[in-house]
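Student: I've got a model open and would like to talk it through with you. Can we go question by question?

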Amino acid sequence: MPVARAQPAGVKNYITPNGLQRLRDELRFLLARERPAVTQVVSWAAGNGDRSENADYQYGKRRLREIDRRIRFLRKRIDAAAIVDPETPRSGQAASRAFFGATVRYANAAGTERLVRIVGVDEIDLDRNHISWVSPLARALMKSGPGDRVVLHAPGSTEHLQILEVRYERIPSEPFSETPGAEVAAKGPRPRG
């Protein structure tokens, strides 16, 4: 299961439409497939007698608690979501300045260029250069435009960056996919032997 990410208290849960869909897909999977499958195994294991030494029962109950915790978390995140579509046309300075949903190309002092997309806390994917809007890098980039110089104050270092390009476009994201080992129980209880 994905790890819950920290977000400052009282801060809106900004998210892109694709990010919100991913959360909804995960919630639907947990409710419709994963939880019922694990519940089936727990029910089967409970019928096998002594629960204190029944690994299937113990593991299943623990897994149900994890699933229920994740369901509560997802429901809260979805309910608190403030959807911002990066494809929505912007005018004036908002079209050329970095805000939530922006794709920003910048260069460091050595001239190394990098491209990042500013997304919600629940959408972070460093392999795809999707950074949280509350991260030190995103905060340094916010409100800057092409030609601007900003200072990134990261833990243990300070870096000077030059903004090369700011654009707003669809931010590709990986659709929700089941975690390895999910629904192991869907195949049914093991035969008694």
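Student: Which residue does the side chain of aspartate 148 meet in a salt bridge?

Tutor: Keep in mind that this is a predicted model. Start from aspartate 148 in the loop between H3 and S6, then go 51 residues away along the chain to the loop between strand S2 (81-83) and strand S3 (102-108). The N to O distance there is 2.6 Å, and the partner is arginine 97.

Student: Is arginine 97 buried, partly exposed or exposed?

Tutor: Buried means under 20% relative accessible area and exposed means over 50%. Arginine 97 comes out at 22%, so it counts as partly exposed.

Student: And what about aspartate 148, buried or exposed or in between?

Tutor: Use the cut-offs again: under 20% is buried, over 50% is exposed. Aspartate 148 has a relative accessible area of 26%, so the label is partly exposed.

Student: Which residue forms a salt bridge with glutamate 178?

Tutor: Glutamate 178 sits in the segment after S7, and its partner is 145 residues apart from it, in helix H1 (residues 17-46). Glutamate 178 itself is partly exposed at 37%, and the partner is partly exposed too, at 39%. The closest N and O atoms are 2.4 Å apart, and the partner is arginine 33.

Student: How many salt bridges does the structure hold?

Tutor: The pair of glutamate 165 and arginine 167 is another salt bridge, with closest N and O atoms 3.0 Å apart. Those two also belong to a network of salt bridges with Arg105, Glu113, Arg117 and Glu169. For the whole structure, the number is 14.

Student: Leucine 164 caught my eye. What separates its C-alpha atom from that of tyrosine 106?

Tutor: Leucine 164 lies in strand S7 (residues 157-168). Leaving out residues up to four places away in sequence, leucine 164 touches Arg105, Tyr106, Ala107, Glu113 and Pro146. Tyrosine 106 is 58 residues apart from leucine 164 along the chain, yet the C-alpha separation is 5.0 Å.

Student: What share of contacts between residues at least 6 apart in sequence joins residues at least 24 apart?

Tutor: The chain has 3 helices and 7 strands. In sequence order they run β-α-α-β-β-β-β-α-β-β. For the contacts you ask about, the share is 62%.

Student: What is the phi of asparagine 129?

Tutor: Most residues other than glycine have a negative phi. Asparagine 129, in the loop between strand S4 (113-119) and strand S5 (130-132), has a positive value instead, near 65°.

Student: Which residue in the loop between helix H3 (136-141) and strand S6 (149-154) has a positive phi of about 70°?

Tutor: Look in that loop for a residue that is not a glycine. Its relative accessibility is 62%, so it counts as exposed. The residue is lysine 143.

Student: Last one: where is lysine 61 found, which helix?

Tutor: Lysine 61 helps form a positive surface patch with Arg62, Arg65, Arg69, Arg72 and Lys76. Patch residues need over 30% relative accessible area, and lysine 61 has 33%, so it is partly exposed. The element that holds lysine 61 is helix H2 (residues 55-79).

Methods. Residues are numbered from 1 along each chain as its sequence is written. This is a predicted model: local features need pLDDT of at least 70, side-chain atom pairs count only at pLDDT 80 or more; totals for chains, interfaces and linings use all residues. Side-chain values use heavy atoms; hydrogens and water are left out. Patches are made of residues with over 30% relative accessible area and no salt bridge: like charges are joined within 9 Å, nonpolar side chains (Val, Leu, Ile, Met, Phe, Trp, Tyr) within 5 Å. Accessible areas come from the Shrake-Rupley method with a 1.4 Å probe; for residues, only the protein chains shown count as cover. A salt bridge is a side-chain nitrogen of Lys or Arg within 4 Å of a carboxyl oxygen of Asp or Glu. Lys and Arg count as positive and Asp and Glu as negative; His and the chain ends are not counted. The place of a charge is taken as NZ of Lys, CZ of Arg, CG of Asp or CD of Glu. Helices (H or I, at least four residues) and strands (E, at least two) are DSSP runs, numbered from the N terminus. Buried means under 20% relative accessible area, exposed over 50%, partly exposed in between (1.4 Å probe, protein chains only). Contact means heavy atoms within 4.5 Å.
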